[in-house]
Each structure stands twice: as C-alpha cells, then as structure tokens.
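Here's a quick briefing to read alongside the model. Have the sequence and the 3D view open as you go.

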Amino acid sequence: MLMNEMNALLRGGPTTYVAEEERVRYVPDMTSPLKLLCGNRYEHFEPTAERVRQDGHTLQVFVWTGCTYVAE
C-alpha cells in the first residue's frame, strides 16, 4: 500500500467538524482509535470490522464515539 493511499472511512458524528470530503482518509494504525483534531476539540473514532468499497479502494469503517475539548 502507498503511504497516502486512502484506507479508512469515518462514519457518524457532527458534520460541522468533520466535512464529508475529509471522511475518506489515510489512517496509519487501523487497529487503534483515531483522535482527530478539529478546531478546539478532538473527534474520536473507533475501528470496526466493517469494510466498504468506494472509488476503487477498500476502506475500513471507523465509527464516531464522541468528542473531547483541548485543554488550555
């Protein structure tokens, strides 16, 4: 797999912070939770066993589990 090849689909959560075009992305560790910085908060996604095909790529689905705010 190429370093930047898309391999994950982020599902769920508020689209205000994670736009549709940012939901297909490269995730380096497919077994660990993903913590995505969005402004002053982190959106948290957990990996699932589900996989989908999109635009010629097989993507592992990560589901939204909540958010936390950046401490000042």
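**Salt bridges and the sheet**

R11 and E50 form a salt bridge, with the closest N and O atoms 2.9 Å apart. R11 sits in strand 1 and E50 in strand 4, so this pair ties together parts that are 39 residues apart in sequence. Keep in mind that this is a predicted model. The strands in question belong to an open sheet of five, in the order 2-1-5-4-3, with mixed pairing.

**Salt bridges**

- A search of the whole structure turns up three salt bridges.
- In the R11–E50 pair, R11 counts as partly exposed because its relative accessibility is 35%, and E50 is partly exposed too, with a relative accessible area of 35%.
- The side chains of E43 and R41 also meet in a salt bridge, at 2.5 Å from N to O.
- Buried or exposed, what is E43? E43 has 0% relative accessibility, so it counts as buried.
- R41, the partner of E43, comes out at 6% relative accessibility and so counts as buried.
- The side chains of R23 and E20 make another salt bridge, at 3.7 Å from N to O.
- Here R23 is buried, at 4% relative accessibility, whereas E20 is exposed, with a relative accessible area of 55%.
- As general background, side chains of opposite charge can pair when their charged atoms come close.

**How the sheet is put together**

- Strands of a sheet pair through backbone hydrogen bonds, either parallel or antiparallel.
- The order across this open sheet is 2-1-5-4-3. Strand 2 and strand 3 (34-38) stand at the edges with a single partner strand each, so one side of each has no neighbour in the sheet.
- Strand 1 (residues 8-11) pairs with strand 5 (residues 57-69) in the parallel sense, over four bridges.
- Within that parallel pairing, L10 stands opposite F62 in strand 5.
- Strand 1 also runs antiparallel to strand 2, and two bridges join them. A8 stands opposite R25 in strand 2.
- How many bridges join strand 4 (residues 41-54) to strand 5? There are 11, and the two strands run antiparallel.
- If you want a register marker for strand 4 against strand 5, E46 has V63 as its bridge partner in strand 5.

**The turn at D55**

- Strand 4 and strand 5 form a hairpin, with two residues between them.
- D55 lies in the loop between these two strands.
- Phi of D55 is near 50°, which is a positive value in a residue other than glycine.
- D55 counts as exposed because its relative accessibility is 72%.

**The surroundings of R23**

- R23, the salt-bridge partner of E20, is found in the loop between strand 1 and strand 2 (24-25).
- Why does R23 count as buried? Its relative accessibility is 4%, and the cut-off for buried is under 20%.
- What does R23 touch, not counting residues up to four places away in sequence? Its contacts are A8, L9, L10, R11, G12, G13, P14, T15, V18 and F45.
- Some of those contacts have come up already: among them are A8, which stands opposite R25, L10, which stands opposite F62, and R11, which forms the salt bridge with E50.

Methods:
Residues numbered from 1 in each chain as written. Predicted model: local features only at pLDDT ≥ 70, side-chain atom pairs only at ≥ 80, totals over all residues. Heavy atoms only, no water. Pairing = 2+ DSSP bridges. Buried < 20%, exposed > 50% of the residue type's maximum accessible area, 1.4 Å probe, protein only. Contact = heavy atoms within 4.5 Å. Salt bridge = Lys/Arg side-chain N within 4 Å of Asp/Glu carboxyl O.
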